[in-house]
Amino acid sequence: MKIDRGVVRSLALFDRMSDADLDRMLAHATARRVPQGDAVFEQGQRATSFFLLLHGRLKVTQVTEDGQQIIVRVVHPGDLFGFAKALQRSDYPGTATAATESLALSWPTDLWPQFVEQNPHLAVSTMQTIGQRLEEAHTRIREMSTQEVERRVAHAVLRLSRQAGKQEKGGVRIDFPISRQDIAEMTGTTLHTVSRILSAWEQKGLVEGGRQKLIICDLSGLAALADGGRD
């Protein structure tokens with residue numbers, strides 16, 4: 001599959017890279033379509049490639065030692081992912097599964113040091129990305145340690161609205177299929193609990209649900225609930 005330089009150039013990660021440097025980088029890239037439900041890589045698999053998501057959404061999950069599956073992050077278009085070498089790992093710490101049909105570029109992991117050395121902006125952007133993920137992870141840990149479940153779910157839904165929200169009539173729709181089980185795995189709770197919370201929110205007009213669909217109808221009301229200021 002031919003890779004359109006203009007599509008990659010439009011991403012913030014590459015907007016400062018010269019055409020020559022970008023062409024050299026793309027010369028080593030392989031484009032891959034990932035059908036919905038398929039895994040790009042699996043937890044514990046040897047990290048032979050790193051990736052850039054061009055289109056679609058991915059859910060990165062981990063299975064804990066006690067067998068519980070959790071969603072640790074959602075990969076959005078323009079995100080680098082699977083760069084285990086930057087984390088001093090030889091394997092992938094989680095499983096990346098397509099939440100919707102996706103398109104990704106991949107490069108051999110062995111090229112990571114060369115790319116970072118030749119493209120300082122890429123190195124800086126990668127450090128910023130790692131920092132943002134650590135900050136989000138710390139926030140989620142703090143929420144799970146100190147907040148009741150309903151507030152945790154509210155924070156998770158608000159994060160999704162910022163990262164993948166699409167304004168439409170009636171509110172902000174999460175722009176990829178998302179289930180109540182997904183939200184449970186994001187917040188460390190059960191499907192039953194999330195179902196009860198979302199049903200109550202629907203009755204209050206905060207959200208509108210459906211089969212793998214979620215629309216936030218009242219962002220300010222949900223934000224107040226997340227801050228603990230609404231009954």
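In strand β6, Leu-80 is the bridge partner of Leu-52, and this pair is a convenient place to begin reading the model. The model is a predicted one, in which local features need pLDDT of at least 70 and side-chain atom pairs count only at pLDDT 80 or more, while totals for chains, interfaces and linings use all residues. Residues are numbered from 1 along each chain as its sequence is written, and side-chain values use heavy atoms, with hydrogens and water left out.

## The open sheet

Helices (H or I, at least four residues) and strands (E, at least two) are DSSP runs, numbered from the N terminus, and two strands pair if DSSP finds at least two bridges between them. Strands of a sheet pair through backbone hydrogen bonds, either parallel or antiparallel. Here, four strands form an open sheet in the order β1-β8-β3-β6, with antiparallel pairing. Because β1 and β6 stand at the edges, each with a single partner strand, one side of each is left without a neighbour in the sheet.

Strand β1 (residues 30-34) is joined to β8 by five bridges, and within β8 it is Leu-105 that stands opposite Ala-31. Strand β3 (residues 49-55) is joined to β8 by six bridges, with Ser-49 opposite Pro-108 of β8, whereas β3 and β6 pair over two bridges. Strand β8 (residues 102-108) has six of its seven residues buried (under 20% relative accessible area, where over 50% is exposed and the range in between is partly exposed, with a 1.4 Å probe and protein chains only), so β8 is largely enclosed by the rest of the structure.

## Aromatic pairs

Rings of Phe, Tyr and Trp (its six-membered ring) pair if their centres lie within 6.5 Å, and planes under 30 degrees apart count as stacked, over 60 as edge-to-face and the rest as tilted. A search of the whole structure finds nine aromatic pairs. The table describes two of these pairs.

| Pair | Distance of centres | Angle of planes | Kind |
|---|---|---|---|
| Phe-41 and Tyr-92 | 3.9 Å | 15 degrees | stacked |
| Trp-107 and Phe-115 | 6.3 Å | 85 degrees | edge-to-face |

Phe-41 lies in strand β2 (residues 39-41) and Tyr-92 in the loop between β6 and β7 (95-98), so this pair ties together parts that are 51 residues apart in sequence. Phe-41 is buried, with a relative accessible area of 5%, and Tyr-92 also counts as buried, at 2%. In the edge-to-face pair, Trp-107 is buried with a relative accessible area of 0%, while Phe-115 counts as buried at 2%. Ring pairs also link Trp-107 and Phe-115 with Phe-50, Phe-83 and Trp-112 into a cluster.

## Helices

Helix α5 (residues 149-164) has 16 residues, and at 1.5 Å times one less than its number of residues it should span 22 Å, which agrees with the 22 Å between its end C-alpha atoms. Among the buried residues of α5 are Val-153, His-155, Leu-158 and Ala-164.

Helix α6 is mostly covered, since six of its eight residues are buried, including Asp-182, Ile-183 and Met-186. Just after α6, Gly-188 takes a positive phi of about 65 degrees.

Glu-117 is found in helix α3 (residues 112-118) and is exposed, with a relative accessible area of 67%.

## Pockets

On a 1 Å grid over the protein atoms alone, a pocket is an open set of points where a 1.4 Å probe fits, with protein on both sides within 12 Å along at least five of seven lines, and lining residues have an atom within 4 Å of a point. The largest pocket holds about 1,400 Å³ of space, and of the 49 residues that line it, the closest to its centre are Val-72, Arg-73, Thr-129, Arg-133 and Glu-136. The largest share of this lining, 14 residues, comes from α4, and α5 and α6 are among the elements that each supply at least two residues. By class, the lining of the largest pocket has 25 nonpolar, 14 polar and ten charged residues.

The second largest pocket holds about 160 Å³ of space, and its lining includes Arg-46, Lys-85, Pro-108 and Asp-110.

Conventions. Points joined across faces, edges and corners; volume = space filled by probe spheres on them. Nonpolar A, V, L, I, M, F, W, Y, C, P; charged D, E, K, R; others polar.
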